[in-house]
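Colleague: I am new to this structure and would enjoy a close look at one part of it. Could you pick a spot and walk me through it?

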Amino acid sequence: MSSTAPEPKPAALIFDDPLDRQSTDDTDRGWGERPTGHDSAADLARFLDEKPPHHI
């Protein structure tokens, strides 16, 4: 059975140094920041969500 579909092109190889680029770990983005709520209810909710389990 012959196929008339064109052959897929191989992926381009990139030979640059990956350490030259900034990774997502080098930024503060994505580390669980929440929008800042400037009221005491938001502060209490964050405290209750993030307190260690031994502080019941």
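Modeller: Happy to! Let's start at F47, which is exposed, with a relative accessible area of 51%. That value puts F47 in the exposed class because the class begins over 50%. Please keep in mind that this is a predicted model.

Where does F47 sit? Its place is in helix α1, which covers residues 40-50. When you look at the whole protein, you will find one helix and zero strands, so helix α1 is the one to follow on your screen.

F47 has company on the surface. Together with L44 and L48, F47 forms a nonpolar patch, and the accessible area of these three residues adds up to about 310 Å². Each member of such a patch needs over 30% relative accessible area, so F47, at 51%, meets that condition.

Now look at a charged pair in the helix. The side chains of R46 and E50 meet in a salt bridge, with 3.1 Å from N to O. Why can these two be viewed as a pair along the helix? R46 and E50 are four residues apart in helix α1, which means that about one helical turn separates them. Both partners are partly exposed: R46 has a relative accessible area of 39%, and E50 has 42%.

How many salt bridges does the structure hold? There are two. Besides the R46 and E50 pair, R21 forms a salt bridge with D16, and their closest N and O atoms are 3.6 Å apart. D16 counts as partly exposed, at 38% relative accessibility.

Finally, let's step back to the whole protein. Buried residues make up 0% of its 56 residues. The protein exposes about 6100 Å², and carbon and sulfur atoms supply 58% of that area. So when you return to F47, you can view this exposed residue as part of the nonpolar patch with L44 and L48, in a protein where buried residues make up 0%.

Methods. Residues are numbered from 1 along each chain as its sequence is written. This is a predicted model: local features need pLDDT of at least 70, side-chain atom pairs count only at pLDDT 80 or more; totals for chains, interfaces and linings use all residues. Side-chain values use heavy atoms; hydrogens and water are left out. Patches are made of residues with over 30% relative accessible area and no salt bridge: like charges are joined within 9 Å, nonpolar side chains (Val, Leu, Ile, Met, Phe, Trp, Tyr) within 5 Å. Accessible areas come from the Shrake-Rupley method with a 1.4 Å probe; for residues, only the protein chains shown count as cover. A salt bridge is a side-chain nitrogen of Lys or Arg within 4 Å of a carboxyl oxygen of Asp or Glu. Buried means under 20% relative accessible area, exposed over 50%, partly exposed in between (1.4 Å probe, protein chains only).
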